[in-house]
Amino acid sequence: KTFAALEGAKQAIVHVYNSTSVAQREQVQAMTAAFLRDFGRIDVLVCNAGIARQELFTDITEASWREVMGVDLDGVFYCAQAVLPDMLHRKAGKIITLSSMWGQVGASCEVAYSTAKAGVIGLTKALAKELGPSGITVNCVAPGVIDTEMNGNLPQDIKDELAEETPLERLGTPEDVAQAVHRPSGAIEDAAQQFGRQVAFL
C-alpha cells in the first residue's frame, strides 16, 4: 500500500477507535476487523481504556459496578480475545495491559476500580503463562496516581498529599505512562522473559 493509502486507513481506524466501547464485545470485534482489513496484522495490543468512580462501597449501584467492570476488566478480556487469532496464527505478538497501584493495594472509596484493576493483574499473569509457549508476551503496567482528567475531580490538597508521597514529589503524567508502555518492547519485556515478571509498578 502507498503511504497515502496507509494514512487514509489510519484516519479511518482512529474514527472507529473513537466510536468504540471496549465494554461491548461486538464493537471490539468490529474495530479489530477494521484494523486487520486495513493494516494486515496486529503486532501490539495496548489495553488502556479505563474509568473510575469515587464512592462509598455502600453507595455503589449495580449499574455503576457493571460500568466500571465493563470498561476496566471486560474490555481487556474482549480486546485480547479479539486480537489473539491473528497473533496465534503468526506465533508472535505483544499484549500490554494497564492496571493501577490500587489493583495491588486497594483504595478507599474506589472498591470497584480497585477490584477491576486487581483482575487485570491476575488476567495478565495467567494469560502470560498461557501464551508464552506461542511466542506471545503479556505484560502489565500499573501506574500510581496520574494527573489526568479521570483524577480531575480530586481536591487539590489531596493531589498535593499524594504527590508528596512519591519519590519525585509530583504526580505522574500521561507521558510517564506512555514511556513505560513503550518499554515492554525492550526493558520490561526482557525482565519478564528472564525473571518471569509480568507486572511493572510505577
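Helices (H or I, at least four residues) and strands (E, at least two) are DSSP runs, numbered from the N terminus. With that in hand, let us start at Thr-97, which lies in strand 2.

## About the model

This is a predicted model, where local features need pLDDT of at least 70 and side-chain atom pairs count only at pLDDT 80 or more, while totals for chains, interfaces and linings use all residues. Residues are numbered from 1 along each chain as its sequence is written, and side-chain values use heavy atoms, with hydrogens and water left out.

## Thr-97 and the two strands

Thr-97 has a relative accessible area of 1%, so it counts as buried (under 20% relative accessible area; exposed is over 50% and partly exposed in between, with a 1.4 Å probe and protein chains only). Leaving aside residues up to four places away in sequence, Thr-97 touches Cys-47, Val-76, Val-120, Thr-124, Asn-139, Cys-140 and Val-141; contact here means heavy atoms within 4.5 Å.

Cys-47 belongs to strand 1 (residues 44-47), where the side chains alternate. Leu-45 and Cys-47 point to one face and are buried, whereas Val-44 and Val-46 point to the other and are not. Strand 1 pairs with strand 2 (residues 93-98) in the parallel sense, over four bridges; pairing requires that DSSP finds at least two bridges between two strands. Opposite Leu-45 stands Ile-95 of strand 2. From strand 1 the chain runs through helix 3 (residues 62-90) to strand 2, a β-α-β crossover that is right-handed (with the strands pointing away from the viewer, the path from the first strand over the helix to the second runs clockwise).

## Helix 2 against helix 3

Helix 2 (residues 25-39) packs on helix 3 at an angle of about 35°, and their axes are 9 Å apart. Axes are lines fitted to C-alpha atoms, for helices over the stretch in contact, and angles run from 0 to 180 degrees between N-to-C directions. On the helix 2 side, Arg-25, Val-28, Thr-32 and Leu-36 take part, meeting helix 3 residues that include Phe-77, Tyr-78 and Ala-82.

## Around Tyr-78

Where does Tyr-78 sit? Tyr-78 is found in helix 3, and at 17% relative accessibility it counts as buried. Phe-77, at 35%, counts as partly exposed.

Not counting residues up to four places away in sequence, Tyr-78 touches Val-22, Ala-23, Gln-24, Arg-25 and Val-28. Val-22 is 56 residues from Tyr-78 along the chain, yet their C-alpha atoms are separated by 7.1 Å.
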